[in-house]
Amino acid sequence: MARAKQYWLMKSEAECFSIHDLAKAPKQTTYWDGVRNYQARNFMRDQMKIGDEVLFYHSNAEPSAVAGTSVIVAEAYPDHTQFIKTEQHYDPKAKPDNPPWLMVDIKLQAIFAEPVGLDVLRTIPALKDMELLRRGSRLSVMPVTKAEYDTIVKLGQGKKR
DNA sequence: GCCAACGTTGGC
DNA sequence: GCCAACGTTGGC
């Protein structure tokens, strides 16, 4: 039996790589490099599958917000940037025969008509248990429930007024 | 294996 | 730019 689709939230600094950069990328697809946290890596390595849907979150943004959705199009494989000295996320301890850091590929699905800001997320009772909203939460890749995902997508599509 | 020091994330 | 919270490092 097919495994149930899972839902995720991935953070990117809007200044660094925004959903608009993804929209301009070839095939509207990119590799998600730079994850250097074991918990986040383990989510990608062990649980992320092709077809899983992802909330694209802008951190350190004005305002910080979920900006849209994307879909996993390649499962975890070695992140080549860990071996490149000039890369921001270069890891001098990474061994090519056993690379610790992985990445996935994501493809744009939709840019929200109305980005859903952190302040809005905090006001929604159905979202109160989200990892993102936990005090001190710093994970850059984290699971969300289908209910949370659907709630945020609905907000992002915007209401007719 | 403890834990202090340090570095990073990310909201504000 | 500040700083709280957290992860990582390294001395012991």
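Where is the place of Q82? Let's start there, and keep in mind that this is a predicted model. Q82 sits in the loop between strand 4 and strand 5. Is Q82 buried or exposed? Its relative accessibility is 0%, so Q82 counts as buried. And what does Q82 touch, if we skip residues up to four places away in sequence? The list is R36, H89, Y90, D91, A94, P99, P100 and W101.

Okay, on to the DNA. I'll take strand B to begin with. Around DNA strand B you'll find K11, Y57, S59, N60, S64, L118, R138 and L139. Of the strand B atoms that come within 4 Å of the protein, sugar and phosphate make up 65%. If you sort the residues of that surface by class, you get 3 nonpolar, 3 polar and 2 charged.

Now zoom in on some atoms. In the side chain of K11, an N or O atom is 2.9 Å from a phosphate oxygen of DNA strand B. S64 has a polar side-chain atom 2.8 Å from a phosphate oxygen of DNA strand B. R138 goes to a base instead: one of its polar side-chain atoms lies 2.7 Å from a base oxygen of DNA strand B.

Hang on to R138, please, since we meet it again at the other strand. DNA strand C is surrounded by Y38, K93, R135, G136 and R138. Here sugar and phosphate account for 77% of the strand C atoms that come within 4 Å of the protein. By class, that surface has 1 nonpolar, 1 polar and 3 charged residues. For K93, an N or O atom in the side chain is 2.6 Å from a phosphate oxygen of DNA strand C. And R138 has a polar side-chain atom 2.6 Å from a base oxygen of DNA strand C.

Back to N60, which was in the strand B list. N60 is in the loop between strand 3 and strand 4. With a relative accessible area of 61%, N60 is exposed. Its phi is positive, about 50°, although N60 is not a glycine. P63 lies in the loop between strand 3 and strand 4 as well, and the peptide bond from E62 to P63 is cis, with omega near 0°.

Q28 is another residue other than glycine with a positive phi, near 50°. You'll find Q28 in the loop between helix 1 (19-24) and strand 2 (29-31), and with a relative accessible area of 33%, Q28 is partly exposed.

Last stop, helix 4. This one covers residues 146-157, so 12 residues, and at 1.5 Å a residue they should span 16 Å. The C-alpha atoms at the ends are 16 Å apart, which agrees. Which residues of helix 4 are buried? They are E148, Y149, I152, V153 and G156. Those residues cover an arc of only 130° around the axis, which puts them on the same side of helix 4. What do they pack against? Among the partners are strand 1 (7-13), strand 5 (102-117) and helix 3 (118-121). On the other side of helix 4, A147, K154 and Q157 are exposed. Just after the helix comes G158, with a positive phi of about 80°.

One more pair before I sit down. Q39, in helix 2 (residues 38-46), is 103 residues from M142 in sequence, but C-alpha to C-alpha they are 8.8 Å apart in space. Q39 is partly exposed, at 46% relative accessible area. Thanks, everyone!

Technical notes
Residues numbered from 1 in each chain as written. Chains lettered and ligands numbered in written order. Predicted model: local features only at pLDDT ≥ 70, side-chain atom pairs only at ≥ 80, totals over all residues. Heavy atoms only, no water. Near = heavy atom within 4 Å. Polar contact = N/O pair within 3.5 Å; in protein donor to acceptor, adjacent residues only side chain to side chain. Nonpolar A, V, L, I, M, F, W, Y, C, P; charged D, E, K, R; others polar. Helix = DSSP H or I, 4+ residues; strand = E, 2+ residues; numbered from the N terminus. Expected span 1.5 Å × (residues − 1). Buried < 20%, exposed > 50% of the residue type's maximum accessible area, 1.4 Å probe, protein only. Arc of directions from axis to C-beta. Contact = heavy atoms within 4.5 Å.
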